[in-house]
Amino acid sequence: MSVSQSVDYAFTGFGVVFTIVVALIIYMVFIIKRQMDHFTDGKSYEDYAQNHPRYVKDGKVYCHKCNTHDIFLKQVGSTPNMLLNSHVCRNCGCELYRSKMYL
């Protein structure tokens, strides 16, 4: 094998690896964006209020399992322009609903 053939082989191998790495990065970005778009599907505040109307009273949210009002906000993800939050009962640990906060 001559020097020019080995150099061509090295660049060809590098090109394949580079293409695979770029494709994986694009795929990961697509998957993460898709998960963020569907983060609140079926678990939003509106869904919680609709499914548990007895536990949303006077602007306050109560846990549907233990009926307490001690709810805390847990940040579960972030991007440069959005925070993903989970609203969790401090007493029993039940996730009540999810929300997105745009920055």
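## Strand β4 and the salt bridges around its sheet

In this predicted model, N85 is in contact with F39, L73, K74, Q75, V76, Y97, R98, S99 and M101, once its neighbours within four places in sequence are left aside. N85 belongs to strand β4, and its relative accessible area is 3%, so the residue counts as buried, the cut-off for that class being under 20%. Within the pairing of β3 with β4, N85 is the bridge partner of Q75, a residue that also appears in the contact list of N85.

The strand that carries N85 is part of an open sheet of 3 strands, ordered β3-β4-β5 and paired in the antiparallel sense. Strands β3 and β5 (95-102) stand at the edges and have a single partner strand each, so one side of each is left without a neighbour in the sheet. From one strand to the next, the twist averages 25°. On one flank of β4, 8 bridges connect residues 82-89 of this strand with β3, which covers residues 71-79, and the two strands form a hairpin with 2 residues between them. On the other flank, β4 and β5 are joined by 7 bridges, again antiparallel, and here V88 has E95 as its bridge partner in β5.

A second residue of β4 is H87, which counts as buried because its relative accessibility is 13%, below the 20% limit. The side chain of H87 makes a polar contact of 2.8 Å with the side chain of S99. Beyond its neighbours within four places in sequence, H87 is in contact with I71, F72, L73, C94, E95, L96, Y97, R98 and S99. As a general point about such strands, side chains alternate between the two faces of the sheet when the strand is regular.

Charged side chains form a further set of links. In general, side chains of opposite charge can pair when their charged atoms come close. The model contains 3 salt bridges, which are listed here with the distance between nitrogen and oxygen.

| Salt bridge | N to O distance |
|---|---|
| E95 and K43 | 3.7 Å |
| D70 and R90 | 3.3 Å |
| E95 and R98 | 3.2 Å |

Which parts of the chain does the pair of E95 and K43 tie together? The side chains of E95 and K43 meet in a salt bridge; E95 lies in strand β5, whereas K43 lies in the loop between α1 (3-37) and α2 (45-51), so the pair ties together parts that are 52 residues apart in sequence. E95 is partly exposed at 30% relative accessibility, and K43, with a relative accessible area of 38%, is likewise classed as partly exposed.

E95 also forms a salt bridge with R98, a residue that is partly exposed with a relative accessible area of 22%. Through shared partners, the salt bridges join K43, E95 and R98 into one network. R98 is, in addition, among the contacts of both N85 and H87.

The salt bridge between the side chains of D70 and R90 links distant parts of the chain, with D70 in the loop between β2 (60-61) and β3, R90 in the loop between β4 and β5, and 20 residues separating them. D70 is partly exposed, its relative accessibility being 39%.

Technical notes:
Residues numbered from 1 in each chain as written. Predicted model: local features only at pLDDT ≥ 70, side-chain atom pairs only at ≥ 80, totals over all residues. Heavy atoms only, no water. Pairing = 2+ DSSP bridges. Helix = DSSP H or I, 4+ residues; strand = E, 2+ residues; numbered from the N terminus. Buried < 20%, exposed > 50% of the residue type's maximum accessible area, 1.4 Å probe, protein only. Contact = heavy atoms within 4.5 Å. Axes fitted to C-alpha atoms, helices over the stretch in contact; angles between N-to-C directions. Salt bridge = Lys/Arg side-chain N within 4 Å of Asp/Glu carboxyl O. Polar contact = N/O pair within 3.5 Å; in protein donor to acceptor, adjacent residues only side chain to side chain.
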